[in-house]
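Q: Please give a close account of the surroundings of the ligands in this structure. I am new to the structure and would welcome one connected explanation.

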Amino acid sequence: MNTHYIAGQWQPGQGESLQSLDPVSQAVLWQGQGATAAQVDAAVAAARGAFSLWAAHSLDGRIAVLERFAACLKSRADEVARAIGEETGKPLWEAATEVNSMVGKVAISIQSYRERTGEKSGPLGDATAVLRHKPHGVVAVFGPYNFPGHLPNGHIVPALLAGNCVLFKPSELTPKVAELTVKCWIEAGLPEGVLSLLQGGRETGVALAGHPGIDGLFFTGSSRTGNLLHTQFAGRPDKILALEMGGNNPLIVDQVADVDAAVYTIVQSAFISAGQRCTCARRLLVPQGEWGDALLARLVQVAGQIKVGRFDEQPAPFMGSVISLQAAAQLMQAQQDLLAGGATALLAMTQPQEGAALLTPGILDVTAVNDRPDEEFFGPLLQVIRYDNFEAAIAEANATAYGLAAGLLSDSRARFEQFWLHSRAGIVNWNKQLTGAASTAPFGGIGASGNHRASAYYAADYCAYPVAGLESESLALPATLTPGVTL
Ligand SMILES: NC(=O)C1=CN([C@@H]2O[C@H](COP(=O)(O)OP(=O)(O)OC[C@H]3O[C@@H](n4cnc5c(N)ncnc54)[C@H](O)[C@@H]3O)[C@@H](O)[C@H]2O)C=CC1
Ligand SMILES: O=C(O)CCC(=O)N[C@@H](CCC(=O)O)C(=O)O
């Protein structure tokens, strides 16, 4: 099977065997072998060979390729959305929004490139001060499985636009979506070697991340892998590393007037994509007392009726499956561990069909659990913590090493200002769902969620470095010479 795209050629892998499975039916959607270290070498060599020409292309020339890529995606939107639905399990309506985000990324990246890393010049003394940006060279992009199109695209598009060559290693769980995406780049006329596709798991990732021929690595994935990469890149200031990682995101609910609006916003925050968004609310902070009890009762009622189903089921489900049977088993185990540690199930997460990675929404009250794990449970499992007062809620929200997204549902502006001042996260929302971050804004976290290189609108910043210069058309002596120099 020709599953890797290296130096402008499709070729078979020579590494470990890989399969991508439909998480519900377990049907094989894609199979092949991962790229070996030698194949990674060949892709890096091709990228190094292609770099100077691609970087020297006019910006308009690169933009033209990007726009043809967007047009190709648009024309194949149904096919790409179907592949996303099949491989990840997310419902077709949601997969279609992912393809839209991929298309939209091109225009937004062009705008961001011009605004944040374009060219500026102005007079400085008898010279012109000029600021331009240069690409880093050859960069690796590692993608996660939860947005197999949109999130790698969020690195690849701005990286290519800035003039870098890219080695793309998608998640081993979503190779088919990656293959379709790369086919659109080829159709767009990207020159040979500028983009390679290296399918594979850990073995391929390790070979690529450690390759001396890369100038940088742009990663979206778990905090565990991101931390490994950070350790590996320590002592390498010559290489740029951008890490977009997970979160243990808090959503505080204050006593609001519209309970149903709060419940709807909580559902969209915790259970969209079956809880497999890095921005999903993981911890729901609810006031002690009658009002909090009533809110939770309504939440349990609504969440208990959420339609869960196969990605292509009609009428459409709100939640599809999680990515794999293994992920489903790990989540069920996490629920079991929390219950054993003293949690109460307000709504138990269940796996209704053996052999299918479909999970129903789970809501656990973990207030009584001592030493609550500061972990990201990447699925539809929401932990509720009851609080006594607003200050305690803010302290609880910040009781995490992560810092990706945090939110408040409150009718009080003063409370939001207090929350904003004290919260520690890259996204802080008020009366809006935590999920669905805009591509027109920076996207990144602090703490264990990132390394201060925000992506989305600010991806332009890590795709190019600034070069400042003083320029003059002619070389001439200054009007006054410095003391001590005679000519
Ligand atoms: N902050 C953000 O922008 C986002 C973060 N995420 C996070 O991603 C995670 C889910 O995605 P996953 O695919 O499970 O992440 P993951 O960390 O398992 O994998 C991400 C990528 O790294 C590769 N990889 C794994 N081990 C490696 C190693 N030792 N060396 C080199 N490469 C290695 C994988 O093959 C994959 O391509 C969640 O934690 C989620 O929060 C997901 C989307 C957005
Ligand atoms: O990168 C962008 O263009 C915006 C970031 C984005 O789309 N975030 C999404 C998905 C990220 C995730 O949770 O995995 C979101 O915030 O829902």
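A: **The ligand sites and their setting**

Over residues 10-461 the chain is 40% helix and 21% strand, and the C-alpha atoms at the two ends of that stretch are 32 Å apart. This is a predicted model. The stretch is the one to which UniProt, in an unreviewed entry, assigns the feature "domain: Aldehyde dehydrogenase".

The account begins with ligand 1. The shell around ligand 1 holds 27 residues, and the closest of them are Glu172, Ser222, Thr225, Met245 and Glu376. By character, the shell around ligand 1 consists of 13 nonpolar, nine polar and five charged residues. Three elements, helix H7 (202-209), strand E10 (216-220) and helix H8 (223-233), each contribute at least two residues to this shell. H7 provides the largest share, with three residues. The shell also extends across a domain division: at least three of its residues come from domain 1 (2-245 + 450-471), and at least three come from domain 2 (250-430).

Several polar contacts can be described individually. Glu376 places a polar side-chain atom 2.5 Å from an oxygen atom of ligand 1. For Thr225, a polar side-chain atom lies 2.8 Å from an oxygen atom of ligand 1. Gly221 takes part through its backbone, where an N or O atom lies 3.2 Å from an oxygen atom of ligand 1. Taken on its own, ligand 1 has 850 Å² of accessible area, of which the protein covers 92%.

The account now turns to ligand 2. Around ligand 2 there are 15 residues, and those that come nearest are Lys105, Asn146, Cys278, Gly436 and Ser439. The shell around ligand 2 is made up of seven nonpolar, six polar and two charged residues. Because domain 1 (2-245 + 450-471) and domain 2 (250-430) both give residues to this shell, ligand 2 lies between them.

Here too, the polar contacts involve both side chains and backbone. A polar backbone atom of Gly436 is 2.7 Å from an oxygen atom of ligand 2. In the side chain of His150, an N or O atom is 2.8 Å from an oxygen atom of ligand 2. Thr279 likewise uses its side chain, with an N or O atom 3.2 Å from an oxygen atom of ligand 2. The protein covers 97% of the 420 Å² of accessible area that ligand 2 has on its own.

The database annotation bears on this part of the model. Under "active site", the unreviewed UniProt entry lists Glu244 and Cys278. These two residues are spread over 35 residues of sequence, yet they cluster in space, with a largest C-alpha distance of 9.2 Å. Cys278 is among the residues that come nearest to ligand 2. Glu244, for its part, lies in strand E11, which covers residues 240-244.

Some features elsewhere in the chain complete the picture. The model has 21 salt bridges. One of the salt bridges joins Asp293 and Arg386, whose closest N and O atoms are 2.9 Å apart. This pair connects distant parts of the chain, since Asp293 belongs to helix H10 (residues 290-303) and Arg386 to strand E16 (residues 381-387), with their positions 93 residues apart in sequence.

Two details of the backbone may also be noted. In general, most residues other than glycine have a negative phi, and most peptide bonds are trans. The peptide bond from Gln314 to Pro315 is cis, with omega near -5 degrees. Pro315 is found in the loop between H10 and helix H11 (325-340). Ala7, although not a glycine, has a positive phi of about 50 degrees. Ala7 is situated in the loop that separates strand E1 (2-6) from strand E2 (9-12).

Technical notes. Residues are numbered from 1 along each chain as its sequence is written. Chains are lettered from A and ligands numbered from 1 in the order in which they are written. This is a predicted model: local features need pLDDT of at least 70, side-chain atom pairs count only at pLDDT 80 or more; totals for chains, interfaces and linings use all residues. Side-chain values use heavy atoms; hydrogens and water are left out. UniProt positions are given in the numbering used here, feature names are shortened, and annotations may be inferred rather than shown by experiment. Helices (H or I, at least four residues) and strands (E, at least two) are DSSP runs, numbered from the N terminus. A residue is near a molecule or strand if one of its heavy atoms lies within 4 Å of it. A polar contact is a pair of N or O atoms within 3.5 Å; within protein, one must be able to donate a hydrogen and the other to accept it, and residues adjacent in sequence count only if both atoms are side-chain atoms. Accessible areas come from the Shrake-Rupley method with a 1.4 Å probe; for residues, only the protein chains shown count as cover. Ala, Val, Leu, Ile, Met, Phe, Trp, Tyr, Cys and Pro count as nonpolar, Asp, Glu, Lys and Arg as charged, and the others, Gly among them, as polar. Domain bounds come from an automatic or database domain assignment. A salt bridge is a side-chain nitrogen of Lys or Arg within 4 Å of a carboxyl oxygen of Asp or Glu.
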